[in-house]
Amino acid sequence: MSEKKMTSSRRHHLKSLMLAIAKDMLEAEALEAVEERKKYMEENCPPLSLPESMQELQELCKKLHQRIDAVDEERYDIEGKVSKCDKEIEDLKIKVQDLKGKFKKPALRKVRMSADAMLQALLGSKHKVNLDLRANLKQVKKEVKEEEKDAVGDWRKNIEDKAGMGGRKKMFEAEA
(Lines give C-alpha, C1' and ligand atoms only; values in the text may rest on other atoms or scores of the structure.)
Protein backbone atom coordinates (compact mmCIF):
# COMPACT_ATOMS: atom_id res chain seq x y z
CA MET A 1 0.00 0.00 0.00
CA SER A 2 2.54 2.57 -1.14
CA GLU A 3 -0.23 4.77 -2.54
CA LYS A 4 -2.32 6.58 0.03
CA LYS A 5 -6.02 6.63 -0.65
CA MET A 6 -7.96 9.84 -0.18
CA THR A 7 -10.80 9.76 2.31
CA SER A 8 -14.27 10.58 1.11
CA SER A 9 -14.49 13.67 3.34
CA ARG A 10 -11.19 15.01 1.94
CA ARG A 11 -12.34 14.29 -1.63
CA HIS A 12 -15.67 16.04 -0.95
CA HIS A 13 -13.88 19.06 0.53
CA LEU A 14 -11.53 19.37 -2.48
CA LYS A 15 -14.44 18.97 -4.87
CA SER A 16 -16.39 21.76 -3.16
CA LEU A 17 -13.29 24.02 -3.28
CA MET A 18 -12.86 23.35 -6.99
CA LEU A 19 -16.52 24.13 -7.64
CA ALA A 20 -16.27 27.40 -5.68
CA ILE A 21 -13.18 28.45 -7.67
CA ALA A 22 -14.87 27.51 -10.96
CA LYS A 23 -17.95 29.53 -9.98
CA ASP A 24 -15.80 32.59 -9.26
CA MET A 25 -14.00 32.18 -12.59
CA LEU A 26 -17.30 31.94 -14.50
CA GLU A 27 -18.62 35.08 -12.82
CA ALA A 28 -15.38 36.91 -13.69
CA GLU A 29 -15.68 35.77 -17.34
CA ALA A 30 -19.28 36.98 -17.48
CA LEU A 31 -18.28 40.40 -16.13
CA GLU A 32 -15.41 40.57 -18.61
CA ALA A 33 -17.75 39.75 -21.49
CA VAL A 34 -20.16 42.50 -20.43
CA GLU A 35 -17.30 45.03 -20.20
CA GLU A 36 -15.95 44.01 -23.60
CA ARG A 37 -19.41 44.35 -25.11
CA LYS A 38 -19.78 47.85 -23.65
CA LYS A 39 -16.32 48.85 -24.87
CA TYR A 40 -17.01 47.52 -28.38
CA MET A 41 -20.37 49.31 -28.54
CA GLU A 42 -18.77 52.62 -27.45
CA GLU A 43 -16.04 52.31 -30.09
CA ASN A 44 -18.15 51.16 -33.02
CA CYS A 45 -21.57 52.65 -32.27
CA PRO A 46 -21.55 56.35 -31.46
CA PRO A 47 -24.60 57.67 -29.63
CA LEU A 48 -27.54 58.22 -31.91
CA SER A 49 -28.47 61.83 -32.56
CA LEU A 50 -31.69 62.14 -34.49
CA PRO A 51 -31.62 64.97 -37.04
CA GLU A 52 -34.49 67.39 -37.22
CA SER A 53 -34.82 67.86 -40.97
CA MET A 54 -35.95 65.29 -43.49
CA GLN A 55 -32.75 65.69 -45.56
CA GLU A 56 -30.48 64.91 -42.60
CA LEU A 57 -32.67 61.92 -41.65
CA GLN A 58 -32.34 60.47 -45.16
CA GLU A 59 -28.55 60.90 -45.04
CA LEU A 60 -28.47 59.14 -41.68
CA CYS A 61 -30.48 56.24 -43.11
CA LYS A 62 -28.10 55.97 -46.07
CA LYS A 63 -25.08 55.87 -43.71
CA LEU A 64 -26.76 53.19 -41.61
CA HIS A 65 -27.53 51.09 -44.71
CA GLN A 66 -23.90 51.40 -45.85
CA ARG A 67 -22.72 50.22 -42.42
CA ILE A 68 -25.19 47.33 -42.48
CA ASP A 69 -23.91 46.29 -45.92
CA ALA A 70 -20.30 46.44 -44.72
CA VAL A 71 -21.11 44.34 -41.64
CA ASP A 72 -22.99 41.81 -43.78
CA GLU A 73 -20.01 41.47 -46.11
CA GLU A 74 -17.70 40.89 -43.13
CA ARG A 75 -20.10 38.33 -41.69
CA TYR A 76 -20.31 36.50 -45.03
CA ASP A 77 -16.50 36.41 -45.35
CA ILE A 78 -16.08 35.17 -41.79
CA GLU A 79 -18.76 32.47 -42.32
CA GLY A 80 -16.87 31.30 -45.42
CA LYS A 81 -13.61 31.09 -43.46
CA VAL A 82 -15.31 29.23 -40.60
CA SER A 83 -16.95 26.70 -42.93
CA LYS A 84 -13.63 26.16 -44.70
CA CYS A 85 -11.87 25.59 -41.35
CA ASP A 86 -14.64 23.21 -40.23
CA LYS A 87 -14.21 21.17 -43.40
CA GLU A 88 -10.45 21.03 -42.89
CA ILE A 89 -10.95 19.91 -39.29
CA GLU A 90 -13.34 17.17 -40.41
CA ASP A 91 -10.88 15.98 -43.06
CA LEU A 92 -8.07 15.91 -40.50
CA LYS A 93 -10.25 13.92 -38.09
CA ILE A 94 -10.91 11.37 -40.83
CA LYS A 95 -7.19 11.15 -41.61
CA VAL A 96 -6.39 10.63 -37.93
CA GLN A 97 -8.95 7.82 -37.71
CA ASP A 98 -7.51 6.23 -40.84
CA LEU A 99 -4.02 6.39 -39.36
CA LYS A 100 -5.21 4.80 -36.14
CA GLY A 101 -6.69 1.97 -38.16
CA LYS A 102 -9.80 1.77 -36.06
CA PHE A 103 -13.04 2.96 -37.52
CA LYS A 104 -16.10 3.06 -35.34
CA LYS A 105 -19.18 1.99 -37.25
CA PRO A 106 -22.23 4.01 -36.34
CA ALA A 107 -25.07 2.11 -34.72
CA LEU A 108 -27.81 1.49 -37.23
CA ARG A 109 -31.39 1.86 -36.17
CA LYS A 110 -34.03 -0.64 -37.13
CA VAL A 111 -36.70 0.82 -39.36
CA ARG A 112 -40.01 -0.96 -39.58
CA MET A 113 -41.31 -0.56 -43.07
CA SER A 114 -43.78 -2.62 -45.06
CA ALA A 115 -42.89 -3.94 -48.48
CA ASP A 116 -45.39 -1.56 -50.09
CA ALA A 117 -43.87 1.45 -48.33
CA MET A 118 -40.36 0.33 -49.28
CA LEU A 119 -41.24 -0.03 -52.97
CA GLN A 120 -43.07 3.29 -52.90
CA ALA A 121 -39.99 4.94 -51.39
CA LEU A 122 -37.74 3.39 -54.04
CA LEU A 123 -39.99 4.00 -57.04
CA GLY A 124 -41.47 7.29 -55.90
CA SER A 125 -44.98 8.35 -55.04
CA LYS A 126 -46.08 8.37 -58.69
CA HIS A 127 -46.04 4.57 -58.93
CA LYS A 128 -48.77 2.83 -57.00
CA VAL A 129 -47.45 -0.57 -55.98
CA ASN A 130 -49.44 -3.26 -54.26
CA LEU A 131 -47.37 -6.20 -53.27
CA ASP A 132 -49.67 -9.18 -52.89
CA LEU A 133 -47.35 -12.15 -52.66
CA ARG A 134 -50.12 -14.71 -52.18
CA ALA A 135 -52.01 -13.74 -55.36
CA ASN A 136 -49.78 -15.68 -57.74
CA LEU A 137 -49.36 -18.80 -55.61
CA LYS A 138 -50.53 -22.13 -56.89
CA GLN A 139 -53.48 -23.65 -55.02
CA VAL A 140 -52.74 -27.12 -53.69
CA LYS A 141 -55.39 -29.30 -52.07
CA LYS A 142 -54.38 -32.00 -49.66
CA GLU A 143 -55.87 -35.43 -50.34
CA VAL A 144 -56.83 -37.33 -47.25
CA LYS A 145 -55.94 -40.99 -47.53
CA GLU A 146 -58.70 -43.27 -46.32
CA GLU A 147 -56.36 -46.22 -45.96
CA GLU A 148 -54.56 -44.62 -43.07
CA LYS A 149 -57.82 -44.19 -41.18
CA ASP A 150 -58.65 -47.86 -41.65
CA ALA A 151 -55.18 -48.95 -40.58
CA VAL A 152 -55.52 -47.01 -37.38
CA GLY A 153 -58.58 -49.10 -36.36
CA ASP A 154 -58.48 -52.01 -33.94
CA TRP A 155 -54.95 -52.98 -33.04
CA ARG A 156 -55.96 -56.44 -31.94
CA LYS A 157 -57.09 -57.35 -35.40
CA ASN A 158 -54.79 -59.84 -37.11
CA ILE A 159 -52.43 -59.75 -34.16
CA GLU A 160 -51.27 -63.28 -34.79
CA ASP A 161 -50.36 -62.44 -38.39
CA LYS A 162 -48.23 -59.55 -37.28
CA ALA A 163 -46.82 -61.10 -34.15
CA GLY A 164 -43.07 -61.70 -33.88
CA MET A 165 -40.34 -61.13 -36.47
CA GLY A 166 -42.43 -58.83 -38.62
CA GLY A 167 -45.15 -61.42 -39.36
CA ARG A 168 -42.79 -64.32 -40.09
CA LYS A 169 -43.80 -66.22 -36.95
CA LYS A 170 -46.81 -67.73 -38.69
CA MET A 171 -44.63 -69.07 -41.48
CA PHE A 172 -42.45 -70.95 -39.03
CA GLU A 173 -45.47 -72.34 -37.18
CA ALA A 174 -46.91 -73.68 -40.42
CA GLU A 175 -43.77 -75.71 -41.18
CA ALA A 176 -43.59 -77.24 -37.74
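**A helical chain and its salt bridges**

A salt bridge joins the side chains of Arg-75 and Glu-79, with 3.0 Å from N to O. The model behind this is a predicted one, and the pairing sits within a single helix: Arg-75 and Glu-79 are both part of H2, four residues apart, or about one turn of the helix. Arg-75 has a second partner as well, since its side chain also meets that of Asp-72 in a salt bridge, this time at 3.7 Å from N to O. Here too both residues belong to helix H2, which covers residues 54-100, and the spacing is three residues, again about one turn of the helix. Put together, Asp-72, Arg-75 and Glu-79 make up a network of salt bridges. As a general point, side chains carrying opposite charge can pair when their charged atoms come close.

How open is this little network to the outside? Arg-75 comes out as partly exposed, with 45% relative accessibility. Glu-79 also counts as partly exposed, at 44%, and so does Asp-72, at 34%. Searching the whole structure turns up two salt bridges.

Stepping back to the overall fold, the protein has six helices and zero strands, so the pattern along the sequence reads α-α-α-α-α-α. As for burial, 0% of the 176 residues of the protein count as buried. The accessible surface adds up to about 19100 Å², and carbon and sulfur atoms account for 57% of that.

Charge also shows up away from the salt bridges. Glu-29, Glu-32, Glu-35 and Glu-36 come together as a surface patch of negative charge. One of these, Glu-36, is found in helix H1, which takes in residues 8-44. With a relative accessibility of 52%, Glu-36 counts as exposed, because the exposed class begins over 50%.

The surface has a nonpolar patch too. Its members are Val-111, Met-113, Met-118, Leu-122 and Leu-123, and together they offer about 530 Å² of accessible area. Within this group, Leu-122 has its place in helix H3, made of residues 115-123. Leu-122 is exposed, and its relative accessible area is 66%.

Last come the cysteines. How many disulfides are there by the distance rule? The count is zero, the cut-off being a pair of cysteine sulfur atoms within 2.5 Å. Cys-61 is partly exposed, with a relative accessibility of 36%. Cys-85 likewise falls in the partly exposed class, at 42%. Both values lie between the limits for buried and exposed, because buried means under 20% relative accessible area and exposed means over 50%.

Conventions: Residues are numbered from 1 along each chain as its sequence is written. This is a predicted model: local features need pLDDT of at least 70, side-chain atom pairs count only at pLDDT 80 or more; totals for chains, interfaces and linings use all residues. Side-chain values use heavy atoms; hydrogens and water are left out. Helices (H or I, at least four residues) and strands (E, at least two) are DSSP runs, numbered from the N terminus. Buried means under 20% relative accessible area, exposed over 50%, partly exposed in between (1.4 Å probe, protein chains only). Accessible areas come from the Shrake-Rupley method with a 1.4 Å probe; for residues, only the protein chains shown count as cover. Patches are made of residues with over 30% relative accessible area and no salt bridge: like charges are joined within 9 Å, nonpolar side chains (Val, Leu, Ile, Met, Phe, Trp, Tyr) within 5 Å. A salt bridge is a side-chain nitrogen of Lys or Arg within 4 Å of a carboxyl oxygen of Asp or Glu. Lys and Arg count as positive and Asp and Glu as negative; His and the chain ends are not counted. The place of a charge is taken as NZ of Lys, CZ of Arg, CG of Asp or CD of Glu.
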